[in-house]
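Biologist: Please take a close look at one part of this protein for me. I would like to see how charged side chains pair up there.

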Amino acid sequence: MQTLPSRVGGHQHLHFASQPYDDVEEDDVASDIQIHAERIRRERLERRAQQQQAEAALTRTETKKGDDAPLVGNLIGEDHVNYVLMYNMLTGIRIGVSRCQAKIRRPLTDEDFTSARHKYSFDVVGNELTPSAKYDFKFKDYAPWVFRSLREDYFLLDPADYLLSLTSKYILSELGSPGKSGSFFYFSRDYRFIIKTIRHSEHKFLLRILKQYYNHVKDNPQTLLSRFYGLHRVKLPHGRKIHFVIMNNLFPPHKDIHETYDLKGSTIGREYPEELKKDKNNAVLKDLNWINRGHMLELGPEKRALLTEQLRRDTELLKSVRVMDYSLLVGIHKMARGNRDNVRRNTLKIFEPDVELPQGRHRRRPTITSGRRYNFSPEAIAMRRAMRESEPKEGAVQLPEKDTGDRQHFLFYQDEGGLRATSEANEFMDTIYYLGVIDILTPYSLLKKVEHCWKGLQVDRHKISPVPPEEYGERFFAFMRAIMRGGGGGESFK
(Lines give C-alpha, C1' and ligand atoms only; values in the text may rest on other atoms or scores of the structure.)
Protein backbone atom coordinates (compact mmCIF):
# COMPACT_ATOMS: atom_id res chain seq x y z
CA MET A 1 0.00 0.00 0.00
CA GLN A 2 1.33 3.48 -0.96
CA THR A 3 0.95 6.49 1.37
CA LEU A 4 0.51 10.10 0.33
CA PRO A 5 3.69 12.06 -0.33
CA SER A 6 4.96 14.37 2.40
CA ARG A 7 7.17 17.44 1.95
CA VAL A 8 10.24 17.79 4.18
CA GLY A 9 12.73 20.61 3.96
CA GLY A 10 11.15 21.94 0.78
CA HIS A 11 11.52 18.58 -1.04
CA GLN A 12 8.98 15.95 -1.80
CA HIS A 13 9.55 12.45 -0.30
CA LEU A 14 7.52 9.33 -1.01
CA HIS A 15 7.01 6.75 1.78
CA PHE A 16 6.29 3.20 0.72
CA ALA A 17 4.96 0.29 2.72
CA SER A 18 6.82 -2.99 2.62
CA GLN A 19 4.15 -4.60 0.44
CA PRO A 20 4.85 -4.73 -3.30
CA TYR A 21 2.77 -2.76 -5.82
CA ASP A 22 -0.27 -4.49 -7.15
CA ASP A 23 -0.48 -5.18 -10.89
CA VAL A 24 -2.82 -2.25 -11.56
CA GLU A 25 -0.43 0.32 -10.10
CA GLU A 26 2.52 -1.14 -12.03
CA ASP A 27 0.53 -0.94 -15.25
CA ASP A 28 -0.39 2.71 -14.52
CA VAL A 29 3.25 3.69 -13.91
CA ALA A 30 4.42 1.88 -17.04
CA SER A 31 1.68 3.52 -19.06
CA ASP A 32 2.61 7.01 -17.83
CA ILE A 33 6.27 6.46 -18.63
CA GLN A 34 5.42 5.21 -22.10
CA ILE A 35 3.12 8.18 -22.81
CA HIS A 36 5.77 10.64 -21.61
CA ALA A 37 8.50 8.99 -23.69
CA GLU A 38 6.28 8.95 -26.76
CA ARG A 39 5.49 12.64 -26.36
CA ILE A 40 9.18 13.55 -26.18
CA ARG A 41 9.96 11.32 -29.18
CA ARG A 42 7.16 12.83 -31.27
CA GLU A 43 8.17 16.36 -30.35
CA ARG A 44 11.78 15.72 -31.31
CA LEU A 45 10.80 14.18 -34.64
CA GLU A 46 8.63 17.18 -35.47
CA ARG A 47 11.47 19.57 -34.69
CA ARG A 48 13.93 17.57 -36.77
CA ALA A 49 11.53 17.48 -39.72
CA GLN A 50 11.12 21.25 -39.54
CA GLN A 51 14.87 21.76 -39.33
CA GLN A 52 15.53 19.44 -42.28
CA GLN A 53 13.15 21.49 -44.43
CA ALA A 54 14.86 24.71 -43.47
CA GLU A 55 18.30 23.16 -43.96
CA ALA A 56 17.39 21.97 -47.44
CA ALA A 57 16.23 25.46 -48.30
CA LEU A 58 19.67 26.84 -47.40
CA THR A 59 21.02 25.37 -50.63
CA ARG A 60 18.70 27.46 -52.77
CA THR A 61 20.27 29.57 -55.49
CA GLU A 62 18.17 32.66 -54.91
CA THR A 63 15.71 34.12 -52.45
CA LYS A 64 12.16 34.63 -53.63
CA LYS A 65 10.87 38.13 -53.04
CA GLY A 66 7.53 39.74 -53.51
CA ASP A 67 7.00 42.92 -55.43
CA ASP A 68 6.96 44.94 -52.22
CA ALA A 69 10.11 43.37 -50.72
CA PRO A 70 12.83 45.78 -49.55
CA LEU A 71 15.98 46.20 -51.61
CA VAL A 72 18.36 44.60 -49.13
CA GLY A 73 16.64 43.30 -46.01
CA ASN A 74 14.22 40.46 -45.39
CA LEU A 75 12.07 40.27 -42.30
CA ILE A 76 12.87 36.89 -40.79
CA GLY A 77 10.09 34.89 -39.21
CA GLU A 78 9.74 31.18 -38.62
CA ASP A 79 8.78 30.68 -42.26
CA HIS A 80 12.04 32.21 -43.51
CA VAL A 81 14.59 29.83 -45.00
CA ASN A 82 17.33 31.03 -42.64
CA TYR A 83 15.29 31.15 -39.45
CA VAL A 84 16.62 27.87 -38.05
CA LEU A 85 20.22 28.77 -38.87
CA MET A 86 19.83 32.16 -37.23
CA TYR A 87 18.20 30.68 -34.15
CA ASN A 88 21.02 28.16 -33.75
CA MET A 89 23.70 30.82 -34.18
CA LEU A 90 22.01 33.08 -31.64
CA THR A 91 21.61 30.32 -29.06
CA GLY A 92 25.17 29.01 -29.50
CA ILE A 93 26.74 32.45 -29.21
CA ARG A 94 24.69 33.29 -26.14
CA ILE A 95 25.75 30.17 -24.27
CA GLY A 96 29.32 29.84 -25.57
CA VAL A 97 30.42 33.44 -25.15
CA SER A 98 28.76 33.93 -21.77
CA ARG A 99 30.40 30.80 -20.35
CA CYS A 100 33.85 31.88 -21.47
CA GLN A 101 33.28 35.39 -20.12
CA ALA A 102 32.26 34.00 -16.73
CA LYS A 103 35.64 32.36 -16.17
CA ILE A 104 38.57 34.04 -14.44
CA ARG A 105 41.12 35.60 -16.81
CA ARG A 106 44.41 33.75 -17.33
CA PRO A 107 47.50 34.18 -19.56
CA LEU A 108 47.25 32.75 -23.05
CA THR A 109 49.15 29.61 -24.00
CA ASP A 110 50.17 28.16 -27.38
CA GLU A 111 47.35 25.63 -27.09
CA ASP A 112 44.83 28.48 -26.93
CA PHE A 113 45.75 29.39 -30.50
CA THR A 114 45.83 25.88 -31.97
CA SER A 115 43.68 23.31 -30.23
CA ALA A 116 41.42 25.13 -27.75
CA ARG A 117 37.72 24.84 -28.54
CA HIS A 118 34.52 24.48 -26.56
CA LYS A 119 31.80 22.14 -27.77
CA TYR A 120 28.08 22.28 -26.95
CA SER A 121 25.25 19.96 -27.92
CA PHE A 122 21.71 21.33 -27.94
CA ASP A 123 18.42 19.45 -28.22
CA VAL A 124 14.76 19.92 -27.35
CA VAL A 125 15.14 18.27 -23.94
CA GLY A 126 18.34 19.87 -22.61
CA ASN A 127 21.03 18.37 -20.41
CA GLU A 128 23.39 19.26 -17.57
CA LEU A 129 25.58 21.47 -19.77
CA THR A 130 23.11 23.18 -22.08
CA PRO A 131 19.51 24.37 -21.76
CA SER A 132 16.75 23.05 -23.95
CA ALA A 133 16.54 24.50 -27.47
CA LYS A 134 13.92 24.56 -30.18
CA TYR A 135 16.11 22.54 -32.58
CA ASP A 136 18.79 19.86 -32.39
CA PHE A 137 22.24 21.16 -33.29
CA LYS A 138 25.87 21.25 -32.15
CA PHE A 139 27.90 24.40 -31.60
CA LYS A 140 31.66 24.85 -31.43
CA ASP A 141 33.51 27.91 -30.13
CA TYR A 142 37.10 28.10 -31.49
CA ALA A 143 40.02 29.67 -29.62
CA PRO A 144 37.63 31.32 -27.12
CA TRP A 145 40.39 32.67 -24.87
CA VAL A 146 42.24 34.31 -27.75
CA PHE A 147 39.16 36.06 -29.08
CA ARG A 148 38.17 37.12 -25.57
CA SER A 149 41.57 38.76 -25.17
CA LEU A 150 41.25 40.47 -28.56
CA ARG A 151 37.81 41.82 -27.68
CA GLU A 152 38.64 43.10 -24.21
CA ASP A 153 42.34 44.04 -24.34
CA TYR A 154 42.79 45.44 -27.84
CA PHE A 155 39.39 46.17 -29.39
CA LEU A 156 38.17 47.52 -26.03
CA LEU A 157 34.72 45.98 -26.15
CA ASP A 158 32.64 45.77 -23.01
CA PRO A 159 31.82 42.03 -22.50
CA ALA A 160 28.22 42.58 -21.41
CA ASP A 161 27.60 45.10 -24.18
CA TYR A 162 29.01 42.69 -26.76
CA LEU A 163 26.81 39.81 -25.62
CA LEU A 164 23.65 41.90 -25.41
CA SER A 165 24.23 43.44 -28.79
CA LEU A 166 24.76 40.10 -30.51
CA THR A 167 22.02 37.98 -29.00
CA SER A 168 18.99 40.21 -29.16
CA LYS A 169 17.57 41.18 -32.57
CA TYR A 170 19.22 40.83 -35.95
CA ILE A 171 19.20 42.69 -39.21
CA LEU A 172 19.64 40.36 -42.15
CA SER A 173 21.22 41.20 -45.47
CA GLU A 174 21.50 38.36 -47.95
CA LEU A 175 23.71 40.14 -50.43
CA GLY A 176 27.09 38.55 -51.00
CA SER A 177 30.24 40.31 -49.87
CA PRO A 178 31.86 42.80 -52.27
CA GLY A 179 34.20 39.96 -53.27
CA LYS A 180 31.26 37.80 -54.40
CA SER A 181 31.96 35.15 -51.78
CA GLY A 182 28.26 34.39 -51.47
CA SER A 183 28.37 34.73 -47.71
CA PHE A 184 25.37 35.65 -45.62
CA PHE A 185 25.67 38.80 -43.55
CA TYR A 186 23.79 39.14 -40.28
CA PHE A 187 24.04 42.47 -38.50
CA SER A 188 23.62 42.82 -34.76
CA ARG A 189 20.59 44.74 -33.52
CA ASP A 190 22.59 47.97 -33.14
CA TYR A 191 24.36 47.53 -36.51
CA ARG A 192 27.81 47.43 -34.86
CA PHE A 193 28.72 43.77 -35.42
CA ILE A 194 28.49 41.41 -38.36
CA ILE A 195 28.03 37.65 -38.33
CA LYS A 196 29.45 36.43 -41.63
CA THR A 197 29.36 32.84 -42.84
CA ILE A 198 32.68 31.67 -44.28
CA ARG A 199 33.98 28.66 -46.17
CA HIS A 200 35.69 25.83 -44.32
CA SER A 201 38.98 26.71 -46.04
CA GLU A 202 38.75 30.27 -44.70
CA HIS A 203 37.97 28.94 -41.24
CA LYS A 204 41.09 26.74 -41.25
CA PHE A 205 43.24 29.53 -42.62
CA LEU A 206 42.16 31.97 -39.89
CA LEU A 207 43.09 29.43 -37.23
CA ARG A 208 46.44 28.89 -38.91
CA ILE A 209 47.37 32.59 -38.91
CA LEU A 210 45.60 33.46 -35.66
CA LYS A 211 48.77 33.93 -33.62
CA GLN A 212 50.31 36.23 -36.22
CA TYR A 213 47.05 38.17 -36.46
CA TYR A 214 46.88 38.46 -32.66
CA ASN A 215 50.45 39.74 -32.38
CA HIS A 216 49.85 42.23 -35.19
CA VAL A 217 46.77 43.65 -33.45
CA LYS A 218 48.73 43.76 -30.19
CA ASP A 219 51.53 45.76 -31.83
CA ASN A 220 49.22 47.85 -34.02
CA PRO A 221 46.12 48.84 -32.08
CA GLN A 222 45.12 51.24 -34.91
CA THR A 223 45.09 48.47 -37.54
CA LEU A 224 42.69 48.79 -40.47
CA LEU A 225 42.37 45.01 -40.85
CA SER A 226 39.02 43.33 -40.21
CA ARG A 227 38.47 42.94 -36.48
CA PHE A 228 37.60 39.36 -35.66
CA TYR A 229 35.70 38.95 -32.40
CA GLY A 230 34.86 35.25 -32.55
CA LEU A 231 35.09 32.12 -34.70
CA HIS A 232 32.30 29.55 -34.42
CA ARG A 233 30.64 26.58 -36.10
CA VAL A 234 27.08 25.31 -36.14
CA LYS A 235 26.53 21.66 -37.06
CA LEU A 236 23.05 20.75 -38.20
CA PRO A 237 21.72 17.18 -38.18
CA HIS A 238 23.05 14.83 -40.87
CA GLY A 239 26.47 16.46 -40.89
CA ARG A 240 25.93 19.89 -42.44
CA LYS A 241 28.46 22.32 -40.92
CA ILE A 242 28.32 26.11 -41.17
CA HIS A 243 31.33 28.17 -40.09
CA PHE A 244 31.06 31.86 -39.28
CA VAL A 245 33.01 34.75 -37.81
CA ILE A 246 31.90 37.75 -35.80
CA MET A 247 33.55 40.95 -36.91
CA ASN A 248 33.23 44.72 -36.87
CA ASN A 249 30.87 46.62 -39.12
CA LEU A 250 32.91 49.39 -40.73
CA PHE A 251 29.85 51.45 -41.53
CA PRO A 252 28.19 53.42 -38.73
CA PRO A 253 24.64 52.90 -37.49
CA HIS A 254 23.96 56.64 -37.33
CA LYS A 255 25.15 57.81 -40.78
CA ASP A 256 23.96 57.04 -44.29
CA ILE A 257 26.69 55.82 -46.64
CA HIS A 258 26.19 57.62 -49.93
CA GLU A 259 28.90 55.86 -51.94
CA THR A 260 30.70 52.56 -51.34
CA TYR A 261 33.90 51.44 -53.05
CA ASP A 262 35.82 48.16 -52.98
CA LEU A 263 39.39 48.98 -54.03
CA LYS A 264 42.11 46.43 -54.81
CA GLY A 265 44.55 48.23 -57.10
CA SER A 266 43.49 45.93 -59.94
CA THR A 267 41.77 47.40 -63.01
CA ILE A 268 40.92 44.39 -65.19
CA GLY A 269 37.23 43.62 -64.73
CA ARG A 270 37.03 46.09 -61.87
CA GLU A 271 34.14 48.34 -62.91
CA TYR A 272 30.51 48.41 -61.82
CA PRO A 273 28.15 49.50 -64.63
CA GLU A 274 27.26 53.14 -63.98
CA GLU A 275 23.82 52.73 -65.56
CA LEU A 276 22.92 50.14 -62.92
CA LYS A 277 24.10 52.36 -60.08
CA LYS A 278 21.22 54.80 -60.69
CA ASP A 279 18.66 52.15 -59.71
CA LYS A 280 20.56 50.69 -56.76
CA ASN A 281 21.27 52.67 -53.60
CA ASN A 282 23.61 50.11 -52.07
CA ALA A 283 25.78 49.31 -55.11
CA VAL A 284 29.45 48.58 -54.36
CA LEU A 285 31.61 50.42 -56.89
CA LYS A 286 35.13 49.39 -57.86
CA ASP A 287 38.53 50.66 -58.87
CA LEU A 288 37.67 51.96 -62.34
CA ASN A 289 34.57 53.71 -61.01
CA TRP A 290 36.76 55.51 -58.48
CA ILE A 291 39.33 56.51 -61.13
CA ASN A 292 36.78 57.57 -63.75
CA ARG A 293 34.90 59.72 -61.23
CA GLY A 294 38.12 61.51 -60.35
CA HIS A 295 37.90 60.70 -56.65
CA MET A 296 40.73 61.26 -54.18
CA LEU A 297 40.99 60.59 -50.45
CA GLU A 298 40.95 64.20 -49.29
CA LEU A 299 43.26 64.06 -46.31
CA GLY A 300 45.65 66.66 -44.96
CA PRO A 301 49.33 65.99 -44.25
CA GLU A 302 48.83 64.60 -40.75
CA LYS A 303 46.06 62.12 -41.49
CA ARG A 304 47.60 61.19 -44.83
CA ALA A 305 50.89 60.26 -43.19
CA LEU A 306 49.21 58.24 -40.43
CA LEU A 307 46.95 56.35 -42.86
CA THR A 308 49.83 55.61 -45.23
CA GLU A 309 51.99 54.17 -42.45
CA GLN A 310 49.20 51.99 -41.05
CA LEU A 311 48.37 50.65 -44.51
CA ARG A 312 52.04 49.83 -45.00
CA ARG A 313 52.19 47.85 -41.74
CA ASP A 314 48.96 45.99 -42.47
CA THR A 315 50.09 45.14 -45.99
CA GLU A 316 53.37 43.75 -44.68
CA LEU A 317 51.47 41.32 -42.45
CA LEU A 318 49.24 40.21 -45.32
CA LYS A 319 52.27 39.58 -47.51
CA SER A 320 53.95 37.58 -44.75
CA VAL A 321 50.98 35.22 -44.37
CA ARG A 322 50.71 34.99 -48.19
CA VAL A 323 47.18 36.22 -48.75
CA MET A 324 45.78 38.17 -51.68
CA ASP A 325 42.44 39.36 -53.05
CA TYR A 326 41.89 41.68 -50.09
CA SER A 327 40.62 45.21 -50.64
CA LEU A 328 40.14 48.58 -49.01
CA LEU A 329 36.46 49.15 -48.36
CA VAL A 330 35.64 52.86 -48.52
CA GLY A 331 32.30 54.28 -47.41
CA ILE A 332 31.67 57.97 -48.10
CA HIS A 333 29.26 60.10 -46.08
CA LYS A 334 28.60 63.59 -47.40
CA MET A 335 27.77 65.79 -44.45
CA ALA A 336 25.84 68.33 -46.52
CA ARG A 337 23.52 65.56 -47.68
CA GLY A 338 23.25 64.01 -44.22
CA ASN A 339 20.64 61.31 -43.57
CA ARG A 340 17.79 62.88 -45.51
CA ASP A 341 17.68 60.01 -48.04
CA ASN A 342 17.04 57.44 -45.28
CA VAL A 343 19.35 54.94 -46.98
CA ARG A 344 19.62 52.77 -43.87
CA ARG A 345 15.92 52.65 -43.04
CA ASN A 346 14.94 51.98 -46.63
CA THR A 347 17.26 48.99 -46.99
CA LEU A 348 17.22 47.27 -43.59
CA LYS A 349 14.70 45.06 -41.82
CA ILE A 350 14.73 43.53 -38.36
CA PHE A 351 14.99 39.85 -37.48
CA GLU A 352 13.00 39.16 -34.30
CA PRO A 353 13.51 35.52 -33.32
CA ASP A 354 10.71 34.05 -31.24
CA VAL A 355 12.56 31.97 -28.67
CA GLU A 356 9.70 31.49 -26.23
CA LEU A 357 9.35 27.82 -25.34
CA PRO A 358 6.11 26.21 -26.55
CA GLN A 359 3.46 25.49 -23.96
CA GLY A 360 4.06 22.31 -22.08
CA ARG A 361 7.84 22.69 -22.10
CA HIS A 362 9.93 24.28 -19.41
CA ARG A 363 13.46 25.41 -18.92
CA ARG A 364 15.90 22.89 -17.54
CA ARG A 365 15.85 22.97 -13.75
CA PRO A 366 19.10 23.33 -11.83
CA THR A 367 20.56 20.04 -10.73
CA ILE A 368 19.64 19.00 -7.17
CA THR A 369 22.29 17.27 -5.11
CA SER A 370 21.71 16.20 -1.51
CA GLY A 371 18.80 18.58 -1.18
CA ARG A 372 20.82 21.64 -2.30
CA ARG A 373 21.36 23.48 -5.56
CA TYR A 374 25.01 23.12 -6.38
CA ASN A 375 27.62 25.36 -8.05
CA PHE A 376 26.98 28.77 -6.55
CA SER A 377 30.45 30.04 -7.55
CA PRO A 378 30.68 33.72 -8.58
CA GLU A 379 31.61 32.63 -12.11
CA ALA A 380 28.49 30.46 -12.42
CA ILE A 381 26.25 33.22 -11.04
CA ALA A 382 27.75 35.76 -13.46
CA MET A 383 27.31 33.37 -16.37
CA ARG A 384 23.65 32.73 -15.57
CA ARG A 385 22.98 36.44 -15.16
CA ALA A 386 24.60 37.22 -18.54
CA MET A 387 22.55 34.49 -20.20
CA ARG A 388 19.32 35.81 -18.71
CA GLU A 389 20.06 39.39 -19.69
CA SER A 390 20.91 38.40 -23.26
CA GLU A 391 17.54 36.79 -23.93
CA PRO A 392 15.98 38.37 -27.02
CA LYS A 393 13.60 41.13 -25.98
CA GLU A 394 10.37 42.37 -27.45
CA GLY A 395 10.01 45.88 -28.87
CA ALA A 396 11.12 47.86 -31.89
CA VAL A 397 14.76 48.51 -32.66
CA GLN A 398 15.74 52.02 -33.73
CA LEU A 399 19.07 52.76 -35.35
CA PRO A 400 20.75 55.63 -33.48
CA GLU A 401 21.03 59.13 -34.88
CA LYS A 402 24.20 59.94 -32.93
CA ASP A 403 27.59 58.30 -32.67
CA THR A 404 27.71 55.79 -29.80
CA GLY A 405 31.29 56.86 -29.08
CA ASP A 406 32.59 53.30 -28.67
CA ARG A 407 35.21 53.70 -31.43
CA GLN A 408 36.46 57.21 -30.74
CA HIS A 409 39.62 55.99 -29.03
CA PHE A 410 40.80 54.49 -32.35
CA LEU A 411 42.59 56.94 -34.61
CA PHE A 412 40.85 56.13 -37.89
CA TYR A 413 37.37 55.96 -36.34
CA GLN A 414 37.46 59.03 -34.09
CA ASP A 415 35.40 61.36 -36.30
CA GLU A 416 31.78 60.23 -35.98
CA GLY A 417 33.03 56.65 -36.19
CA GLY A 418 35.17 57.36 -39.27
CA LEU A 419 37.94 59.58 -40.64
CA ARG A 420 36.89 63.10 -41.60
CA ALA A 421 38.43 64.75 -44.66
CA THR A 422 40.84 67.58 -44.00
CA SER A 423 42.49 70.32 -46.04
CA GLU A 424 46.22 70.85 -46.51
CA ALA A 425 46.00 73.06 -43.43
CA ASN A 426 44.51 70.08 -41.54
CA GLU A 427 41.14 71.81 -41.26
CA PHE A 428 37.92 69.78 -41.38
CA MET A 429 36.00 69.35 -44.65
CA ASP A 430 32.43 68.09 -45.19
CA THR A 431 33.16 64.43 -46.01
CA ILE A 432 33.65 61.48 -43.67
CA TYR A 433 35.41 58.30 -44.84
CA TYR A 434 34.77 54.88 -43.33
CA LEU A 435 37.79 52.69 -44.15
CA GLY A 436 38.92 49.13 -43.55
CA VAL A 437 40.86 46.30 -45.17
CA ILE A 438 38.46 43.39 -45.76
CA ASP A 439 38.46 39.84 -47.20
CA ILE A 440 41.84 38.94 -45.72
CA LEU A 441 41.33 35.17 -45.60
CA THR A 442 42.18 34.20 -49.19
CA PRO A 443 45.59 32.48 -49.45
CA TYR A 444 47.46 32.22 -52.73
CA SER A 445 46.36 28.64 -53.31
CA LEU A 446 46.88 26.33 -56.27
CA LEU A 447 43.52 27.41 -57.66
CA LYS A 448 44.56 31.06 -57.53
CA LYS A 449 47.85 30.21 -59.25
CA VAL A 450 45.97 28.51 -62.08
CA GLU A 451 43.62 31.50 -62.33
CA HIS A 452 46.65 33.81 -62.50
CA CYS A 453 48.19 31.83 -65.37
CA TRP A 454 44.93 31.53 -67.30
CA LYS A 455 43.92 35.20 -67.05
CA GLY A 456 47.51 36.28 -67.63
CA LEU A 457 47.40 34.72 -71.09
CA GLN A 458 44.49 36.95 -72.13
CA VAL A 459 45.27 40.34 -70.56
CA ASP A 460 48.09 42.15 -68.77
CA ARG A 461 48.88 39.77 -65.92
CA HIS A 462 50.04 42.64 -63.68
CA LYS A 463 46.60 44.27 -63.73
CA ILE A 464 44.45 41.25 -62.90
CA SER A 465 43.29 40.53 -59.38
CA PRO A 466 44.93 37.11 -58.78
CA VAL A 467 48.67 37.81 -58.58
CA PRO A 468 51.28 36.44 -56.11
CA PRO A 469 51.02 37.87 -52.56
CA GLU A 470 54.23 39.93 -52.78
CA GLU A 471 53.18 41.61 -56.01
CA TYR A 472 49.59 41.99 -54.80
CA GLY A 473 50.68 43.74 -51.61
CA GLU A 474 53.03 46.14 -53.38
CA ARG A 475 50.42 47.03 -56.01
CA PHE A 476 47.72 47.46 -53.35
CA PHE A 477 49.86 49.81 -51.26
CA ALA A 478 51.02 51.81 -54.29
CA PHE A 479 47.42 52.27 -55.45
CA MET A 480 46.26 53.48 -52.02
CA ARG A 481 49.07 56.03 -51.90
CA ALA A 482 48.21 57.20 -55.41
CA ILE A 483 44.55 57.89 -54.64
CA MET A 484 45.33 60.12 -51.68
CA ARG A 485 45.60 63.86 -52.25
CA GLY A 486 48.96 64.63 -53.85
CA GLY A 487 49.49 61.00 -54.89
CA GLY A 488 48.93 61.54 -58.61
CA GLY A 489 45.66 59.61 -58.92
CA GLY A 490 44.97 56.11 -60.17
CA GLU A 491 45.13 56.79 -63.93
CA SER A 492 48.52 55.09 -64.20
CA PHE A 493 46.98 51.80 -63.02
CA LYS A 494 44.52 51.60 -65.94
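Modeller: Here is a walk through the salt bridges of one helix. This is a predicted model, where local features need pLDDT of at least 70, side-chain atom pairs count only at pLDDT 80 or more, and totals for chains, interfaces and linings use all residues. Residues are numbered from 1 along each chain as its sequence is written, and side-chain values use heavy atoms, with hydrogens and water left out.

Side chains of opposite charge can pair when their charged atoms come close. A salt bridge here means a side-chain nitrogen of Lys or Arg within 4 Å of a carboxyl oxygen of Asp or Glu. The whole structure holds 26 of them.

Start with K303, whose side chain meets that of D415 at 2.8 Å, N to O. K303 sits in helix α9 (residues 301-320), while D415 lies in the loop between α11 (378-389) and β16 (419-422). The two are 112 residues apart, so this pair links distant parts of the chain. Helices (H or I, at least four residues) and strands (E, at least two) are DSSP runs, numbered from the N terminus. D415 is buried at 12% relative accessibility. K303 is buried too, at 13%. Buried means under 20% relative accessible area, exposed over 50%, and partly exposed in between (1.4 Å probe, protein chains only).

Next comes R304, in a salt bridge with E424 at 3.0 Å between the closest N and O atoms. E424 is in the loop between β16 and β17 (428-438), 120 residues from R304 in helix α9. E424 is partly exposed, at 44%.

Last, E309 bridges to R313 at 2.9 Å. Both lie in helix α9, 4 residues apart, which means about one helical turn separates them. E309 is partly exposed at 29%, and R313 is partly exposed at 36%.
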